[in-house]
Amino acid sequence: MPGRLRKHGPYGALAAAPAVLIIGGLTAAALLGIAKESLCVYVQSGETARPCAYYAAFLTSPGFWQALAYSFKTAAVSSVLAMAAGIGLAASRSRGGGFLWAAIIAMSYVSAAVAMYDAFGDRGWLARLINIFFAFDGRLNLVHDRRGLGVILLYVFKAAPFTLIACDSLFRRITRQYSSVAAGLGLSPFEFFRHILLPLSRRGLLAIFLVIFVFILFSYEGFYFLGVSIPSSLGELSLRLYSSADLSRRAEAMALSGLMIGAAIICAAVYRSAADAKNSF
Amino acid sequence: MRKTPFEHFVQCMALALFLFPLGALLLWSLAADWPFGQALPGRFSARAYVYLLKSGDWLILFKTFIFSALVAASCLFLAALSSSALMRAPRRLAVSLETVLILPLLMPVLSFCLGLQAFLLNLPGGPTLKIFIVHIYFSFPYAFIIIYPAFLNNGQPFILAARNLGLSGPQIFRHIEWPMIKSFRRPALFLAFTVSYGQYFINYFLGGPADVNFPMLMAPLLEGSERPLAAAYAIVHALAALAAFWLYGKTNRHVTFANRKHKP
């Protein structure tokens, strides 16, 4: 990596101040708000303050572990499939379909959920085609499925173009450096991919996987529009507790949000170390 | 290097799989009558698109577009400023600040909004400016991860030369660094714009009546199984963003850092 420039008067610090103030300030405000409510700074009349009680009660709640298992499984499957699609397309030097990938990235998650519902939902296009070609009259509904199939399809649809673009830039750098040497040594394209491209790019791929996985794990829209009520995701559980008529459940919602943000901060540190290695090529 | 037949097959399969939902979206947006058992709609109609124009919802689309464009422009400017500053900072401080600046990339939107709601309600002023800043919070990292490597890998010799010639920091930013990232501005703007343009929960949870954006209009259509309307709105929503960026690319194609006109 090129050497850094020396500090140039106060301009250096002032230039970063707006962004650092916005990002750092809002993050601190959100964490403070969560800590105040989840650690019982606000205590209802007649009750005694019990710091960390909501975190402890939460972790022994079967509903939390069910939501975590459902969110984790959906996020893991979606992330692996999206990464496989992105890596496969990038490694096959796919240059076509640029407008398609840009269109999918430009779609919001609500728009993509509409597309999934129209294609794979009850009496969607897939159900009609299967009815015609295979004479199948049963209801085919991949959306609103207890196993989260609709949610997985949505996140693979949205995340794959992102991983394609990220993997493509990663693979191009490595290919530029090593492809001629590999060809001279007689490696086939698959051997080059397996023995050179994948090992050299593994930390960069980890960084990309982490971003997608954490986003899906804690997201709300996909699970809300295409998922089911039971089991609910972590995001849905948190919002349901926060919106409950029983105001004491807000502290549980804040405790869950605190856990989610804490996990995100740890993942950000891991991402930073992985991304630093990625940029070192 | 020519593609192998397997690579062609992979590309065709991928295109077909990703085109299928978009094809379904297009067909449903134009379907006036589509009985079960038919592969294509029986009758086509543009009534969903006509409804979008007549109902006035196109105004909300326009408002959402302008709002997100302002967010993207702000994120680009802040990303350029931050990258310029991080290049001059000591390494450890730069790494720490970089970790802080990319934190929103992994921050759960819902949890963040739950924790921030009380703080924003107690701040003076209307909700629109607060929503604007929260949009910047989540869109900024996408611009930053494109602009910062551009700063690190391009143009340090130019900056050193400019400093040796006596230019100040703001002058270097205006005449050297900002033009230097011209080819990186479009992808940075595009990513920051799409993140803000597609936000649903921030406006739903933290916004007021004047902060209804286009994804919030689509949500009840999807929940109510209004397939033609929801499909038409989804297509128009995506096409508006793509058309704007195609136009931006056309108007900025021939100007590069190397051949830009020198301003006296």
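Here are some short questions and answers on how a few labels in this predicted model are earned.

This is a predicted model, where local features need pLDDT of at least 70, side-chain atom pairs count only at pLDDT 80 or more, and totals for chains, interfaces and linings use all residues. Residues are numbered from 1 along each chain as its sequence is written, chains are lettered from A and ligands numbered from 1 in the order written, and side-chain values use heavy atoms, leaving out hydrogens and water.

Q: Why is Ser108(A) called buried?
A: Its relative accessible area is 3%, and buried means under 20% (exposed is over 50%, partly exposed in between, with a 1.4 Å probe and protein chains only). So Ser108(A) counts as buried.

Q: Why is Tyr224(A) called partly exposed?
A: Tyr224(A) comes out at 33% relative accessible area, so it lands in the in-between class.

Q: What makes Tyr224(A) and Phe225(A) an edge-to-face aromatic pair?
A: Rings of Phe, Tyr and Trp (its six-membered ring) pair if their centres lie within 6.5 Å; planes under 30 degrees apart are stacked, over 60 edge-to-face, the rest tilted. Tyr224(A) and Phe225(A) sit 5.1 Å centre to centre with 65° between the planes, so the label fits.

Q: What makes Arg227(B) a charge over the ring of Tyr117(A)?
A: The rule asks for NZ of Lys or CZ of Arg within 6 Å of the ring centre and within 35 degrees of the ring normal. Arg227(B) lies over the face of Tyr117(A), at 4.2 Å from the ring centre. Likewise, Arg123(A) lies over the face of Phe36(B), at 4.6 Å.
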